[in-house]
Amino acid sequence: MTAKLILSMDGVVIKDYPLTKERTTIGRKPHNDIAIDNLAVSSEHAAVITILNDSFFEDLGSTNGSVVNGAPTQKHFLQNNDVIEIGKYKLKYLNDQPTQTSSADFEKTMVLRAPVKQSKPEDGFNQTQSNAGAVAPKHESTTQFNATAPKVDVAPAPVAPAPAAAPTGQTAVAIIQILNGPNLGRELELSKNLTTLGKPGVQVAVLARRPHGYFITHVEGTSFPLVNGTSVGEQPHQLNDHDIIELAGVKMEFYLKT
Amino acid sequence: MNVNDALEIVSQTNPGMVRSHNEDSVTFDVAHGLVVLADGMGGYNAGEVASGIAVSVLASEVRHRLEQIGPEQKDEESGDDVGVAVLRDNVKKANLSIFNAAQSQPQYAGMGTTIVTGLFYDNRVAVAHVGDSRMYRLRGEVFETVTRDHSLLQEQIDSGIISKELAKLSKNKNLVTRAVGIEADVVPEVHLYDVEVGDIYLFCSDGLNDMVEDEDIGATLQMLQGNLPLAATQLIEQANDNGGRDNVSVILVKVKNSYATPRGLWAKLKSWFKN
């Protein structure tokens with residue numbers, strides 16, 4: 001699944017260019033990898049640098065410039081479906097490599113080999129590229145990688161369990177309402193993953209928002225928080241709508257607002 | 001003040017939500033102020049083997065050396081503190097052990113591990129790391145990464161090819177440029193930092209910082225600094241709630257008191273005469 005550029009003009013596709021080289025040049029002269037014989041295109045107009053699964057677009061100081069996604073651009077880190085415009089021509093960047101944030105299999109850490117003794121290169125860019133060597137998959141995989149190819153071949157990744165939707169996506173918002181004392185009636189929306197309640201040094205509890213609900217856990221202090229009159233002890237305790245929490249002498253109600 | 005009484009250390013490791021086994025290894029030794037965390041890689045169970053070797057070599061060798069000489073003394077060979085040299089030498093030693101095991105046993109071929117290890121002594125911490133396991137520090141309100149990953153992405157950030165924000169979009173995560181056990185020699189990065197009472201240090205594998213934003217990690221430590229075991233549990237829970245795609249390990253070190261090394265009889269006498 002190599003990333004590629006699709007050259008088109010006026011909506012008509014002219015050609016596909018897979019980005020297999022470290023540097024793919026775009027320009028009017030025929031020696032360019034993507035040669036566009038049009039006077040609006042400079043002889044060496046632009047280049048796309050590809051490092052493993054990432055590609056970067058760079059205008060090489062062309063006369064008429066380059067436009068990426070509608071904006072004049074010098075340098076750009078290409079993302080799937082970006083559109084580069086050079087004169088009347090369009091180059092669409094396609095990279096349907098599963099992003100690592102959506103693929104468990106690709107999450108493996110690999111080692112890019114570089115000679116140990118070598119001093120740190122001035123140009124990390126080329127250095128890492130040319131030295132990209134054998135890689136060791138981090139997780140139970142026996143795939144052998146070609147020792148010279150910097151390209152990491154990855155089998156179609158099994159679909160990772162979708163990260164459970166955070167409760168923020170739900171319509172219900174959890175609220176803590178104070179039921180006694182000087183702050184009577186005040187409400188606190190549990191908008192963060194963690195919210196602490198109580199007085200530091202006296203008694204503190206934390207409310208954690210998790211995919212499957214809200215949990216209260218004792219943090220510090222000699223006594224434990226009470227939920228509906230019962231001590232929760234040291235373990236996390238899941239909260240239900242309209243539970244009454246007592247902590248450091250303050251009574252409050254937990255409820256879900258829809 | 002003894003390091004033993006000055007530090008509170010907790011650790012937790014979890015296979016995560018996707019992986020069937022845990023290739024991370026962690027250990028700590030309060031008496032010597034040592035923490036070690038390694039994140040192994042390699043086929044079958046080789047990842048566990050590599051991280052396990054790294055952790056046991058560090059733990060036993062550092063302890064052994066420190067029973068002979070104090071970490072604040074000067075190492076004759078390098079001129080650095082013994083505390084710095086002992087980490088550097090033993091990361092190299094672990095490297096060679098793993099490399100030799102990988103060479104001699106075909107099922108371990110290509111195994112390796114990242115490592116981050118810290119030694120707390122004399123109100124300082126020496127930190128050695130290789131790869132993308134990290135140490136963070138919470139000091140007051142400021143939570144920051146102390147180690148810099150040996151990864152392709154970090155090199156790209158350093159050379160200005162890509163910004164930190166854009167790096168989150170990169171498809172080249174998890175490519176480390178240095179690892180322990182892959183070659184016959186390795187150069188660990190070792191630095192020495194002053195610590196302050198109240199500091200909290202977090203050592204973690206990338207299973208944490210790939211799944212949980214730094215900001216959320218910092219907020220969790222900030223809120224739960226009164227209960228370190230709970231803070232560790234919450235961090236792992238957050239990584240797993242966000243998908244838990246990798247093994248996740250954390251070691252938390254809280255500096256409760258100053259632990260300056262007493263400076264010998266002469267120093268004591270001198271300060272006594274001054275008063």
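## A mixed sheet in chain A, and how the two chains compare

In chain A, five strands come together as an open sheet with mixed pairing, and the order across it is β4-β3-β5-β6-β9. The edges belong to β4 (34-35) and β9 (75-77) of chain A; each has a single partner strand, so one side of each is left without a neighbour in the sheet. Keep in mind that this is a predicted model.

Further into that order sit two strands worth a look. Strand β5 of chain A covers residues 46-51 and strand β6 of chain A covers residues 54-59, and the two run antiparallel, held in register by six bridges. If you want a spot to click on, try T50(A), which stands opposite S55(A) in β6(A).

Now for the chains as wholes. Here are the basic counts:

| Chain | Residues | Helices | Strands | Buried |
|---|---|---|---|---|
| Chain A | 258 residues | one helix | 22 strands | 30% of residues |
| Chain B | 275 residues | nine helices | 11 strands | 56% of residues |

What does the size of chain B say about its packing? Its radius of gyration is 19 Å, close to the 19 Å that the globule rule gives for 275 residues, so chain B is as compact as a globular protein of that length. Along the principal axes, the C-alpha atoms of chain B fill a box of roughly 65 × 45 × 35 Å.

Contacts along the sequence are the last piece. Counting contacts in chain B with a separation of 6 or more, 70% come from residues 24 or more positions apart. For chain A, 36% of the contacts between residues at least 6 apart join residues at least 24 apart.

Conventions
Residues are numbered from 1 along each chain as its sequence is written. Chains are lettered from A and ligands numbered from 1 in the order in which they are written. This is a predicted model: local features need pLDDT of at least 70, side-chain atom pairs count only at pLDDT 80 or more; totals for chains, interfaces and linings use all residues. Two strands pair if DSSP finds at least two bridges between them. Helices (H or I, at least four residues) and strands (E, at least two) are DSSP runs, numbered from the N terminus. The radius of gyration is taken over C-alpha atoms; the globule rule is 2.2 Å times the number of residues to the power 0.38. A residue is buried if 20 or more other C-beta atoms lie within 10 Å of its own, exposed if 12 or fewer, and partly exposed in between; C-beta atoms are placed from the backbone. Two residues are in contact if their C-beta atoms, placed from the backbone, lie within 7 Å.
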